Structures are given as C-alpha cells and as structure tokens.
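Please open the model in your viewer and keep the selection panel at hand, since each stop on this tour begins with a selection.

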Amino acid sequence: MLDFLNDLLWSKVLIVVLIGLGLWFTFASRFVQLRYFGRMFRILGSGQAFASGSDGHLSSFQALMLSVAGRVGGGNIAGVAVAITLGGPGAVFWMWVVGLIGMATSFFECTLAQAYKRAEPDGTYRGGPAYYIAHGLGERWKWLAGLYSVLLLVTFGFGFNGVQSYAVATSLNDAFGVPVMAIGLGIAVLVGIIIAGGVRRIARIADVLVPVMALGYIAMALVVLVLNIDALPATLMLIVKSAFGLEPAVGGGIGAAIVMGVRRGLFSNEAGLGSAPNVAAVAEVPHPASQGVVQAFSVFIDTLIVCSCTAFIILLGDVYRPGAEEVGGIALAQASLAGHIGEGGRVFVSIAMMLFGFTTMIYNYYLGENSLAWLGGQNRPLIIVYRIAVIGLCGWGATSDLGTIFAFADVTMGLLALVNLFALVMLFKPALKLMQDYDSQLAKNAGEPVFDPERFGYAGIDRKAWSGTAWREEPEAVAAGGSARA
C-alpha cells in the first residue's frame, strides 16, 4: 500500500503539480530566478546578509546555511547515483530543469514565510507554511495549518531523522568498520548537545559545517573535472542526447530519464514542500523578497551545483556503464571517485555522506520544533520531550532497517507538498504584490528595498516582527550590523 501511494504521489500527481506550478510561478514572475540571479550574489556579498540585530536574530546568511544544511543531504550523492542508474545520464538534464523551475517556487514560498512570520518573546522569529496558511488565508483555514504541522513533524522531525541516522551509520561502517551501535551512540550525543541550544546554536553549527562540507565536495568534483577535462564536452553531449532519447546506448529511454530526473530533483531541492520556508522565516531582513532571493539560491546550490558534482564524478569515470546495473546507489559514487583518485575516494564519499546526513538531522529537528511551536505554543516540557525522542530516534535509527518508516515518511511528505502548494496558489496574489513592491523599489534606485506592512494591504501581518528601524538607517550602519528597535 505504501509503495502504491508513493508511486501515485511522486511519479504521477506531484511531478505534474510541482512542475506545472513551478512554470506558472516562473512565467508570472517574469523569470524571477533569472532576473535576480546576480542579485543573489550581491546580497550575500554585502553586509546585509550577515547583519543580525543586536537582540540575537539570525542573519540572512545563517538562515541560508541552515536551509542548505537541509537541502544538501544523502540525496545529493546516493539519490543522483540512483537517478543515473535507472534513468540514464539524461536524468541529470531534467534535474537541472527542475532546479531552475524550483528556484521560482522557493522564492515565493520563502517570501511568504518572511511576510507572515511571528515575533516570539525570546527575540526570535517563527514562520513557515503553517503560519502563512493560518494568518494569510484566515481563521477558517487554521485546521489546514494544523494538518501541515502534524505532517511536517511526522515526516522530518521523526521519520527522516531515523533514516538519515541509518544512512550515516551504514556508510561509516562500510568505510571504517566502526560498529553501528557505537556510531548511533555518537550521533545521539552530538545531536543532543547541538539541539539543546535551540535554533541559534543549530545555526552556528550550520554556519561552520555547511560551507566546509559543500566547498570540500565541490573542490573534489573540480579535481575530477580537471583530470578529465578532455572528456567533459562529450559527457555534456551525452547528458543532453540522453535527456531527449537520442542516445541509443541508454536502455531506460526518454521516459525513464524524465521521471527519474524530475523525481530525484524534487526530492533533493525540496522546492514546494514547504520545509525551507520554516527556516527562511527566522532571518531578520529588510524585505520579505530579500530572503526569497537568497533562498532561491539555496536551490541552485543544491541541484545545479552539488548534484552536478556527483553526476560528473560518476559520468566522467569508468565504473558507470549505460544500461548496466552492476553497481548502484552510494556504492556507484564511491567506486567512481575511487577510480579517479584512488581508494581514498571511497573514504571521502563516506565522510561527505556523514556530514551531509548529520547537518540534515539537526535541520530536520528544527522543522519538528517549529511544528510543535505552532501546535502547542512555547510549551517547554513538550519541547524537552520532543528533544529526548529525537535523540533516542537518532541513536536507534543507526542500528535499525527503517525501510517501512522511510516509505511512510515519503507518503506524508507528498501530502505535505500538496497542502503547501494549495496554500501557495491561494496566496499567490499577496506573494506577487510582495515581489512587485521589491521590483518597484529597486527600479527607483532607493537603496535596499524595505517592507512597510502598512502599505501591503493584506491582513495577517505581525507588526512586531517588522517594527525594527535598523533597515531604515544609513547603509553603512546596516552593513556594520547596527540595529535599533522601535
């Protein structure tokens, strides 16, 4: 039954809905992901991205790193390898297409999360689909916000944390022979220490780990590219030809390439699922669209960069043979890198899997905590019980085969996406107005756009979350991280 539901949701319904809505968002926004591609780098290269008010709010960069920690996971290595094995090299092309389309979806969902975020008593923010459903759509849709929160808690807070723990433990066991029991205990202790500090400590850890793991993996892929630079044009041609069924050596054909590329791309970058908006909402930025632009870049990092690294490591090697399935999944990525740089490649992939999986676990924890905050408010005992449950699950998951739990979480994640996409359609007018306000301010060359809730015209905005005056100071003060609160 679970396999049937997964096939129905991910191979039929969601592929059509996510791609269809992604194209709608792309055309309606006049290709916002391309128009603001250069601005993504300008925001991240400015002081604004690192400025977080003196009261301890997260910066735009910290929120970006936290979302990249969640997007970049085992799917970027094992998932890409599976897509190539079952769908051929052409699957990579359709991954790229999904990534580009998903950037527009991510822009709108994260912009809405910023606009409808709530200021918490401890000086942080909370937000995400549950918040923009309840406050953007109104009281009569509050039940849908509750349903979304339950699905998010079950899927990420519990289901995928156990699966990530299992993936990390088996990878390290294969590479170094460390007993999975010991690995599970170590994971539980580390996760416990990090999550005890709340979202700020999680963000600080992500600040350090994510750039190291992502840049390290990209650097290794660049080494592979340099070693095989002569074969790169032929590999790119193979990807394009296979994507359109023009490569007879590939047994899966164009249908398998599209299905696997789209499916793995959606799994990897999470655009449209509503998970990243929970993180996007915690940043302190001058305008909701500013974080929308930054979060669109996280999709680019995940799919267009990190997934491409795995694809080139595999396709430029000698291990993968189109139509053959002797080696697949994580083993294909390990064997391919070993073929390029020696047996150390297997160890490198295992370490990358460990870092990707570990950062995803702490990101998943935060998503679950955000769900509890919506369902039960700032109930400290409830949060403590949840933390203990997550720590125990991370330890237990390392030693258990969680195939059924993973299949169940896939179903709930599909339902999660449908709820979020419904909300995006219903809230597209205010989302478009936020983008148009951002566009118009930039067109006037008035400096960095600033959000004014009074001019927004839609109900549900928390004025306290937008009461800061830091963004109305001189640019030099903002770049220095200065903050003054009303």
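Begin by selecting Glu 454, which is exposed, with a relative accessible area of 59% (buried means under 20% relative accessible area, exposed over 50%, and partly exposed in between, with a 1.4 Å probe and protein chains only). Add Arg 463, which counts as partly exposed at 40% relative accessibility; the side chains of Arg 463 and Glu 454 meet in a salt bridge, at 3.2 Å from N to O (a side-chain nitrogen of Lys or Arg within 4 Å of a carboxyl oxygen of Asp or Glu).

Before moving on, note that this is a predicted model, in which local features need pLDDT of at least 70 and side-chain atom pairs count only at pLDDT 80 or more, while totals for chains, interfaces and linings use all residues. Residues are numbered from 1 along each chain as its sequence is written, and side-chain values use heavy atoms, with hydrogens and water left out.

**Salt bridges**

A search of the whole structure finds nine salt bridges. Select Arg 126 and Glu 369, whose closest N and O atoms are 2.9 Å apart in a salt bridge. Because Arg 126 lies in strand S2 (residues 125–126) and Glu 369 in helix H16, the pair ties together parts that are 243 residues apart in sequence (helices, H or I with at least four residues, and strands, E with at least two, are DSSP runs numbered from the N terminus). Are these two residues buried or exposed? Arg 126 is buried, and so is Glu 369, the latter with a relative accessible area of 5%.

Keep Glu 369 selected and add Arg 387, as these two side chains also meet in a salt bridge, at 3.5 Å from N to O. Arg 387 lies in helix H17 (residues 380–397) and Glu 369 in helix H16, so this pair ties together parts that are 18 residues apart in sequence. Arg 387 is buried as well, with a relative accessible area of 11%.

**Aromatic rings**

Turn next to the rings, where a search of the whole structure finds 24 aromatic pairs (rings of Phe, Tyr and Trp, the last by its six-membered ring, pair if their centres lie within 6.5 Å; planes under 30 degrees apart count as stacked, over 60 as edge-to-face and the rest as tilted). Select Trp 24 and Phe 428: their ring centres are 4.7 Å apart and their planes at 40°, so the pair is tilted. This pair links distant parts of the chain, with Trp 24 in helix H1 and Phe 428 in helix H19 (residues 428–443), 404 residues apart. Trp 24 is partly exposed, at a relative accessible area of 36%, whereas Phe 428 counts as buried at 8%.

Now select Tyr 217 and Phe 356, whose ring centres are 5.6 Å apart and whose planes stand at 75°, so the pair is edge-to-face. Tyr 217 in helix H10 (residues 198–227) and Phe 356 in helix H16 (residues 344–376) are 139 residues apart, and the pair links distant parts of the chain. Both Tyr 217 and Phe 356 are buried.

**A bent helix**

Finally, select helix H8 (residues 142–176), whose 35 residues reach 49 Å from first C-alpha to last, close to the 51 Å expected at 1.5 Å a residue (the expected span is 1.5 Å times one less than the number of residues). Centre the view on Phe 160, where H8 bends by about 35° (the angle between axes fitted to the seven residues ending there and the seven starting there). H8 is followed by Gly 177, whose phi is positive, near 75°.
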